[in-house]
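Student: Could you take one part of this model and go through it closely? I would like the helix packing described contact by contact, with the residues that make it.

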Amino acid sequence: MTEEEFWAVIAHGVLPLDDTYSFDLHYAKYLKALDALSDEELVEFATIHSLLVNKAETCDVSQAVFLVSNGCGDDDFAAFIAGVIAQGKNTYDAVLKDPEQALLKLPKAKLLTDSEDFQYAASALYSERTGADGIDLLPGNSFGINCVSADIAEYSEDLTILRTK
């Protein structure tokens, strides 16, 4: 799965943060988009998702999330960024480019503090399908991989390895 394909899946599950926003409806739409993926694609999706969360782990983004959510720890930050990703590529890119302005302009951004389910959706669906205990994203790693400034293209070889398992 390429990053472009990843964002296409996300686009099928986006629900705007407006006055009619419902987390349950958004999550159901997101899961429906993920359910169309094969098990192999779920692993690739989860890997790219984790890389994008880690890429967002910068001081500027962290400070902006802190402002919008009135404070947050590491787990809260990852959940919040998972919510940002669930809002689509344009939202994610805007947050990376100018975190404070992007989050202050995002309607109801505080709702993203409760987005932990999006972070683990692919792994949960994979477990449900295969009976496995979640997804090991890269050999020897789980959801906490440390690649803050990683370029997703650098991991295409790892995705190829995962495909052959």
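Tutor: What follows is a close look at one helix and its two crossings, with a short note on two lysines elsewhere in the chain. The model is a predicted one.

The part to look at is helix α2, which spans residues 23–35. Take its crossing with helix α8, residues 116–130, to begin with. The two axes come within 10 Å and cross at roughly 50°. Angles under 35 degrees would count as roughly parallel and those from 65 to 115 as roughly perpendicular, so α2 is oblique to α8. The crossing in which α2 passes α8 is right-handed. On the α2 side, the contact is formed by F23, H26, Y27, Y30, L31, L34 and D35. On the α8 side, D117, F118, A121, A122, L125 and R129 take part. Sorted by class, the residues of this contact comprise nine nonpolar, one polar and three charged.

Helix α2 also meets helix α1, residues 3–12. Here the axes come within 7 Å, and the crossing angle is roughly 140°. Since only angles over 145 degrees count as roughly antiparallel, α1 and α2 are oblique to each other. This crossing, of α1 past α2, is right-handed. From α1, the residues in contact are V9, I10 and H12. They meet K29, Y30, A33 and L34 of α2. By class, the contact of α1 with α2 has five nonpolar residues, one polar and one charged.

Put together, the two residue lists show how α2 is used. Y30 and L34 are listed in the contact with α8, and Y30 and L34 are also listed in the contact with α1. K29 and A33 of α2 belong to the contact with α1, while F23, H26 and Y27 are among the α2 residues that meet α8.

Two lysines outside α2 can be added. K89 is placed in helix α6, residues 89–97. K89 and E4 are 85 residues apart in sequence, yet their C-alpha atoms are 9.4 Å apart in space. The relative accessibility of K89 is 36%, so this residue counts as partly exposed. K108 lies in the loop between α7 (99–105) and α8. K108 is not a glycine, but its phi is positive, at about 55°. With 40% relative accessibility, K108 also counts as partly exposed.

Note on methods: Residues numbered from 1 in each chain as written. Predicted model: local features only at pLDDT ≥ 70, side-chain atom pairs only at ≥ 80, totals over all residues. Heavy atoms only, no water. Axes fitted to C-alpha atoms, helices over the stretch in contact; angles between N-to-C directions. Helix = DSSP H or I, 4+ residues; strand = E, 2+ residues; numbered from the N terminus. Left-handed = near helix turned anticlockwise from the far one by under 90°. Contact = heavy atoms within 4.5 Å. Nonpolar A, V, L, I, M, F, W, Y, C, P; charged D, E, K, R; others polar. Buried < 20%, exposed > 50% of the residue type's maximum accessible area, 1.4 Å probe, protein only.
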